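The exercises below are meant for a reader who is meeting this structure for the first time. Please look at the sequence and the structure, and then work through each task before reading its solution.

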Amino acid sequence: MNAGTQARLDRIGRDGRYVVIPMDHGITLGAVQGLKDIESTIDAVTRGGADAVLTQKGIAPRAHPNLNGAGYIVHLNASTSIGPDSNDKRMTGTVEEAIRVGADAVSLHVNVGSHHEPDQIENLAQVTETAERYGIPVLAMTYARGRDVDEHDAESLGHAVRLGEELGAHVIKTAYSGDAESFEHVVESTRLPVVIAGGSPSGDEATLDAVRGAMDAGAAGVSMGRSVFQHEDPEAITRAVSAVVHEDVGAADALERAGLSARV
């Protein structure tokens, strides 16, 4: 790994652990709760301890003034929830564009097992090749998704994260398998740091239990969107997640520290 890539990885994480808050959902879902006034949400989560925020390139002017020193990642593909196939992620930007808008890293989504897997594999390979030339880290969001694919099956998730490493990414994001024991296989399937997705909001306790389980299995952190930016207190839930990731505290302790112990 070249010095520039390592330096930029240090901007989006701390000591090899990551709390990333993706807010690229405006393309997918529209201007939902937490994204209309995205400036306030970015300010809140970064004050709460997020290491980095992730958006599409067009949101960069709204992101930078509110990062509070956190890193910035630009996502490079997308689809919509009302389009013909939400698994069909199409390119929305380039590494060069991400650099021009001030990104410290880029990310790309691959649905391993979907009909669109071949095109998305090619896209990730091209992105990592370009990113290597510029010293830009790549966060590969490799999910097990497609017809007859169990999105939380550890074997499938292990295949997905290995694909990300094989194609030259630096950090891998995937779904949580549901328990620490099975997620160990996922983490052991790659030498790269693995972070878990948040998925649909399921309550504070369930969110923190998943983070704790993933960390116990050897994960390197989280990349959680809706569970954080749609929370009634994004700063507090970010603070709780960060406590688990960066301070190795238990879920209940993290919730209590953040003042969320009475919430579900």
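**Exercise 1. Find the contacts of Thr 46 and describe its setting.**

Solution. Leaving aside the neighbours within four places in sequence, Thr 46 is in contact with Val 53, Asn 66, Leu 67, Asn 68 and Ala 70, where contact means heavy atoms within 4.5 Å. The next step is to place the residue: Thr 46 lies in helix H3, residues 38-47, and helices here are DSSP runs (H or I, at least four residues), as strands are (E, at least two), numbered from the N terminus. Thr 46 counts as buried because its relative accessible area is 9%, the classes being buried under 20%, exposed over 50% and partly exposed in between, with a 1.4 Å probe and protein chains only. As a last step, compare sequence and space: Thr 46 and Asp 104 are 58 residues apart in sequence and 15 Å apart in space, C-alpha to C-alpha.

Before going on, note that this is a predicted model, in which local features need pLDDT of at least 70 and side-chain atom pairs count only at pLDDT 80 or more, while totals for chains, interfaces and linings use all residues. Residues are numbered from 1 along each chain as its sequence is written, and side-chain values use heavy atoms, with hydrogens and water left out.

**Exercise 2. Determine which residues the UniProt annotation "active site" covers, and where two of them, Tyr 143 and Lys 173, lie.**

Solution. According to the unreviewed UniProt entry, the "active site" annotation covers Asp 24, Tyr 143 and Lys 173; such positions are given in the numbering used here, feature names are shortened, and annotations may be inferred rather than shown by experiment. The lining of the largest pocket includes Asp 24, Tyr 143 and Lys 173, a pocket being an open set of points, on a 1 Å grid over the protein atoms alone, where a 1.4 Å probe fits, with protein on both sides within 12 Å along at least five of seven lines, and lining residues having an atom within 4 Å of a point.

Next, take the two residues in turn. Tyr 143 lies in strand S7, residues 138-144, and is buried, with a relative accessible area of 7%. Lys 173 lies in strand S8, residues 171-174, and is buried at 5%. Apart from neighbours within four places in sequence, the contacts of Tyr 143 include His 109, Asn 111 and Lys 173, and those of Lys 173 include Pro 22, Tyr 143 and Ser 223.

**Exercise 3. Describe how helices H7 and H8 pack.**

Solution. Helix H7 (residues 154-166) and helix H8 (residues 180-188) pack at an angle of about 25°, with their axes 8 Å apart; axes are lines fitted to C-alpha atoms over the stretch in contact, and angles run from 0 to 180 degrees between N-to-C directions. H7 and H8 are therefore roughly parallel to each other, a term for angles under 35 degrees. On the H7 side the contact is made by Ala 154, Glu 155, Leu 157, Gly 158 and Val 161, and on the H8 side by Ser 182, His 185 and Val 186.

**Exercise 4. Locate Asp 148 and Asp 248 and state the sign of phi for each.**

Solution. Asp 148, although not a glycine, has a positive phi of about 65°. Asp 148 lies in the loop between S7 and H7 and counts as exposed, at 79% relative accessibility. For Asp 248, phi is also positive, near 60°. Asp 248 lies in the loop between H11 and helix H12 (251-257), and counts as partly exposed, at 43% relative accessibility.

Conventions: Angles under 35 degrees count as roughly parallel, over 145 as roughly antiparallel, 65 to 115 as roughly perpendicular and the rest as oblique.
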